[in-house]
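The exercises below ask the reader to work from a sequence and its three-dimensional structure to a reasoned description, one step at a time. Each task is followed by a worked solution.

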Amino acid sequence: MENLNRVSFSQGNGGLPKINIHTEWSDAEIYLQGAHVTRFQRKGEAPLLFLSEKSRFEKGQAIRGGVPIIFPWFGAREGKQMHGFARNQDWKISEISHTSSGVTLKLIFPESPEAAEFPKFKVEYFVTVGETLTLELKVVNESNESFSFDNCLHTYFTVGEISAVAVAGLKGAEYLDKVENFARKTESNEQIKFTGETDRVYLDTTSTTEILDAKLKRRIIVEKEGSRSTVVWNPWIAKAKAMVDFGDEEYLGMVCVESGNVSENNVVLPPGECSSLKVTLRTSKT
C-alpha cells in the first residue's frame with residue numbers, strides 16, 4: 001500500500017516557519033515558534049483545533065489558538081510574560097518518523113537566557129499525527145537540585161456553538177474558580193455548561209474528559225497521562241472584546257480544555273529524573 005504520509009516545510013503567517021503534515025487520515029500544521037500545533041483536522045470533519053482569525057503571527061508573540069505549550073509557569077508572574085517562555089521561542093526539529101499509524105515529529109526546546117534562571121533542564125516534545133493527535137511533553141532535570149515547574153497543553157477546541165456544548169468527566173473534582181477570585185469549589189455537575197465567562201483550574205484529577213458538541217454532532221475525547229490538573233476556559237463577551245488577538249464573537253465557537261500540572265499540582269522533579277505529560281485527542285460522532 002502506498003505510504004500517504006507527507007511532511008513539508010513552508011513559510012506560514014507572518015513569515016514564520018511552519019511544518020505541514022498530511023496523512024491518510026488527517027492534516028496538521030505546526031509552527032516552530034512555540035512548537036505550536038495550530039491545525040489538526042481529520043478528513044471529512046470540522047477542524048479539531050480553534051485558531052483565532054486575529055492571532056498575531058509575530059516573532060516572540062504567542063499564537064492565539066491551537067495548542068500553546070505552557071512552561072515553566074502557568075498564568076501571570078510579576079515582571080515576566082504570561083504562561084512562561086516556551087511558547088514564544090523557536091524549537092528545533094530533532095527527528096521525523098513515519099509509521100503505519102502516521103507521522104511523529106520530535107522537537108527540542110533550545111538553550112535560552114530565560115532558561116538560565118532555572119536548574120539545568122532539557123525539554124522534548126513529540127507530536128504524532130494520524131487518526132488521532134497525540135502530544136507528549138518530556139522534561140528532564142539535568143541539574144543537581146530539584147526543579148519545580150508548571151506545564152500545560154493549553155488546547156483550544158473548535159465547537160459549533162458554545163451554548164450547545166458540555167464538558168463531562170470532572171464531577172466531584174475540586175477547582176479554583178478564577179472568575180470568583182480563585183474561590184475553591186467542588187464540581188457537582190455531570191456536565192459543565194457555558195452561560196458566561198468560565199475559567200476553572202480543576203485539581204487532583206487524572207480523568208479523561210469529553211467535549212459534547214450538539215451542533216457539530218461530535219464528541220471530542222481528551223485522554224491524558226502524567227497530568228493532575230484540567231483547566232476549562234471560555235472568555236465570553238467582555239473578555240473576548242478586551243483581547244486584541246481574539247475576535248469579539250469568536251468565544252461562540254471555541255472552548256479550552258487544558259491538560260497539565262499547575263497551581264498546587266505543579267511538578268517537583270528530582271535531579272536526573274524525567275517528567276512526561278501526554279495527551280491524546282480523538283473524535284467520534286454523536
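**Exercise 1.** Does valine 179 count as buried, partly exposed or exposed, and what is its relative accessibility?

Solution. The model is a predicted one, and the classes of exposure used here place buried residues under 20% relative accessible area and exposed residues over 50%, with partly exposed in between. Valine 179 has a relative accessibility of 39%, so it counts as partly exposed. As for its position, valine 179 belongs to the loop between strand 14 (174-177) and strand 15 (183-186). Its C-alpha is 19 Å from that of tyrosine 156, a residue 23 positions away in sequence.

**Exercise 2.** Determine the geometry of the ring pair formed by phenylalanine 71 and phenylalanine 147, and place the pair in its surroundings.

Solution. The count of aromatic pairs in the structure comes to 19. For phenylalanine 71 and phenylalanine 147, the ring centres are 6.2 Å apart and the planes stand at 90°, so the arrangement is edge-to-face. This pair links distant parts of the chain, since phenylalanine 71 sits in the loop between strand 5 (69-70) and strand 6 (92-99) while phenylalanine 147 belongs to strand 10 (residues 147-149), 76 residues apart. Phenylalanine 71 and phenylalanine 147 are both buried.

The next step follows phenylalanine 147 to a further partner, phenylalanine 149, with which it forms a tilted pair at 4.7 Å centre to centre and 40° between the planes. Phenylalanine 149 is buried, as is phenylalanine 147. Ring pairs join these residues into a cluster whose members include Phe71, Trp73, Phe85, Trp91, Phe147 and Phe149.

**Exercise 3.** Identify the backbone features at proline 72, alanine 35 and lysine 217, and locate each residue.

Solution. As a point of reference, most residues other than glycine have a negative phi, and most peptide bonds are trans. The bond between phenylalanine 71 and proline 72 is a cis peptide bond, with omega at about 0°, and proline 72 lies in the loop between strand 5 and strand 6.

Alanine 35, although not a glycine, has a positive phi of about 45°; it is placed in the loop between strand 3 (26-31) and strand 4 (36-42), and with a relative accessible area of 0% it is buried. Lysine 217, likewise not a glycine, has a positive phi of about 55°. The loop that holds lysine 217 runs between strand 18 (209-213) and strand 19 (218-225), and at 53% relative accessibility this lysine counts as exposed.

**Exercise 4.** Which parts of the chain does the salt bridge of aspartate 199 and lysine 178 tie together? Extend the analysis to the salt bridges of aspartate 204 and glutamate 223.

Solution. The structure holds 22 salt bridges. In one of them, the side chains of aspartate 199 and lysine 178 meet at 3.9 Å, N to O. Because aspartate 199 lies in strand 17 (residues 198-202) and lysine 178 in the loop between strand 14 and strand 15, the bridge ties together parts that are 21 residues apart in sequence. Aspartate 199 is buried, at 10% relative accessible area, whereas lysine 178 is partly exposed, at 25%.

A second bridge joins aspartate 204 to arginine 228 at 2.7 Å, N to O. Here aspartate 204 is in the loop between strand 17 and strand 18, and arginine 228 is in the loop between strand 19 and strand 20 (229-234), 24 residues apart.

A third bridge pairs glutamate 223 with arginine 282 at 3.2 Å, N to O. Glutamate 223 belongs to strand 19 and arginine 282 to strand 23 (residues 274-285), 59 residues apart. Glutamate 223 is partly exposed, at 30% relative accessible area, and arginine 282 is partly exposed too, at 32%.

**Exercise 5.** How many disulfides does the structure hold? Examine cysteine 256 and cysteine 274 in support of the count.

Solution. The structure holds zero disulfides. For cysteine 256, the nearest cysteine sulfur is that of cysteine 152, 9.2 Å away, whereas a disulfide requires sulfur atoms within 2.5 Å. Cysteine 256 is buried, at 0% relative accessibility. For cysteine 274, the nearest cysteine sulfur is again that of cysteine 152, here 18 Å away, and cysteine 274 is partly exposed, with a relative accessible area of 45%.

Key
Residues are numbered from 1 along each chain as its sequence is written. This is a predicted model: local features need pLDDT of at least 70, side-chain atom pairs count only at pLDDT 80 or more; totals for chains, interfaces and linings use all residues. Side-chain values use heavy atoms; hydrogens and water are left out. Rings of Phe, Tyr and Trp (its six-membered ring) pair if their centres lie within 6.5 Å; planes under 30 degrees apart count as stacked, over 60 as edge-to-face and the rest as tilted. Helices (H or I, at least four residues) and strands (E, at least two) are DSSP runs, numbered from the N terminus. Buried means under 20% relative accessible area, exposed over 50%, partly exposed in between (1.4 Å probe, protein chains only). A salt bridge is a side-chain nitrogen of Lys or Arg within 4 Å of a carboxyl oxygen of Asp or Glu.
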